[in-house]
Each structure stands twice: as structure tokens, then as C-alpha cells.
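Look at the model below before reading on. Take a moment to turn it around, then work through the short sections that follow.

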Amino acid sequence: MDDALAFSALVLALSGQLVQEIHTSVSQQGFEDLRPAHGFAFARISAGGATTADLAEHLGVTKQAAAQLVEELVRKGYVERHPHPHDARARLLGLTETGRAATRAADQAARAAVAPWREELGQARFSELVADLTLLAPPGPIRPAW
């Protein structure tokens, strides 16, 4: 396998493992009604300024699919809609306290999930890896600012 294919396979495998570990931990912390897709939505909503259309673009789904997801998260008490200050037709999305609690649980789970990687690589190499991946990550509202 060449380096490009190896890199792709490894990043995908690590990503899948990370998503599953976060999801399992979040579920065990009392948020059994959430799916991994909800976490990707929470990441965009928590960055601020998100409408359903923004969420659709972030998730790579249709506006209708995003609207259904938002409706589900509103119904479950994780998300709320607010008037948009510049567009009467749009609504800004925000996390409720329950949504923020789920996000904190996911953040804690993410730290725990990558702790073995940090231990295996050592702090210096782990920090270098984070810096390198930051260079490769696409720009957007949820990209880390460091």
C-alpha cells in the first residue's frame, strides 16, 4: 500500500474509532437518545451563528434533511431556535442547557478517547501531530483556532 492509501485508511480508521468511543461514552453519561450525527450538528451549532441552511452545508445534507434533524433536536430538548437579527425568514440555532451538557460530555469523552494516543506518542509528538493535522483540516466554523 502506498503512503497516500495508508494515510487515508489510517485516518478513516482512527476517525471511526474516535466517533464510536465518543458516542459510547456520551450514551453512558445519560444521553442515550443521541446519535453520532447529532454530535456533528452540535459542533456546528455551538460555534454560533448557525441556521438550518448552515447546518445542512456543514453536514453535507439537504436543507430538508437538516430541518428534520433540527426538529428532532428541538423536540428532544437539545436545540432551540432564535430570531435571526438580519433575516426574518431564518432562525438561529442554539444549544439548550441540555445540549451544552451533552457537548461537555462529548468533549470529556474526546479527551479520554485520545489520551492513549497522547501516551503512546508522548506529549511533544502528539502536539506536533495536532499541529500538522490543523494545517490539513479544511477551513470552517468548527476548525480549532490554535
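## A threonine to start with

Is T103 buried or exposed? The relative accessible area of T103 is 18%. The cut-off for buried is under 20%, so T103 counts as buried. Keep in mind that this is a predicted model.

Where does T103 sit? Helix α5 holds this residue. Set aside the neighbours within four places in sequence, and T103 is in contact with F42 and L95. F42 will come up again, since F42 lies in helix α2 and takes part in a ring pair.

## The overall layout

Now step back to the whole protein. The secondary structure comes to 6 helices and 2 strands. Read from the N terminus, the order of elements is α-α-α-α-β-β-α-α. The C-alpha trace spans about 50 × 30 × 30 Å along its principal axes.

The protein has 146 residues, and 25% of them count as buried. T103 is one of the buried residues. Next, take contacts between residues at least 6 apart in sequence. Of these, 47% join residues at least 24 apart.

## Two helices that pack

Follow helix α1, residues 3–28, and helix α5, residues 97–121. These two helices pack with their axes 8 Å apart. The angle between them is about 135°. That angle makes α1 oblique to α5. The roughly antiparallel class takes angles over 145 degrees, so α1 and α5, at about 135°, do not fall in that class. The crossing of the two helices is right-handed.

Which residues make the contact between α1 and α5? From α1 come L14, Q17, L18, E21, I22, S25 and V26. From α5 come A105, A106, A109, A110, A113, V114 and W117. Sorted by class, the contact has 11 nonpolar, 2 polar and 1 charged residues.

## Rings that meet

Turn to the aromatic side chains. How many aromatic pairs are there? The count comes to 2. One is formed by F31 and Y78, with 6.3 Å from centre to centre and 55° between the planes. This pair is tilted. The two rings come from distant parts of the chain, 47 residues apart. F31 is in the loop between α1 and α2, where α2 covers residues 36–46. Y78 is in the loop between α4 (63–75) and β1 (79–83). Both F31 and Y78 are buried.

F42 and Y78 form an aromatic pair as well, again tilted. Here the centres are 5.7 Å apart and the planes are at 45°. F42 lies in helix α2 and Y78 in the loop between α4 and β1, so the pair ties together parts 36 residues apart in sequence. F42 and Y78 are both buried. Ring pairs link F31, F42 and Y78 into a cluster. F42 is also the residue that T103 contacts.

## Out at the surface

Finish with P138, found in the segment after α6, a helix of residues 123–136. Is P138 buried or exposed? Its relative accessible area is 63%. Exposed means over 50%, so P138 is exposed. Compare T103, which is buried at 18%.

How far is P138 from F40? Along the chain, 98 residues separate P138 and F40. In space, their C-alpha atoms are separated by 15 Å.

Key
Residues are numbered from 1 along each chain as its sequence is written. This is a predicted model: local features need pLDDT of at least 70, side-chain atom pairs count only at pLDDT 80 or more; totals for chains, interfaces and linings use all residues. Side-chain values use heavy atoms; hydrogens and water are left out. Axes are lines fitted to C-alpha atoms, for helices over the stretch in contact, and angles run from 0 to 180 degrees between N-to-C directions. Helices (H or I, at least four residues) and strands (E, at least two) are DSSP runs, numbered from the N terminus. Angles under 35 degrees count as roughly parallel, over 145 as roughly antiparallel, 65 to 115 as roughly perpendicular and the rest as oblique. A crossing is left-handed if the near helix is turned anticlockwise from the far one by less than a right angle, and right-handed if clockwise. Contact means heavy atoms within 4.5 Å. Ala, Val, Leu, Ile, Met, Phe, Trp, Tyr, Cys and Pro count as nonpolar, Asp, Glu, Lys and Arg as charged, and the others, Gly among them, as polar. Buried means under 20% relative accessible area, exposed over 50%, partly exposed in between (1.4 Å probe, protein chains only). Rings of Phe, Tyr and Trp (its six-membered ring) pair if their centres lie within 6.5 Å; planes under 30 degrees apart count as stacked, over 60 as edge-to-face and the rest as tilted.
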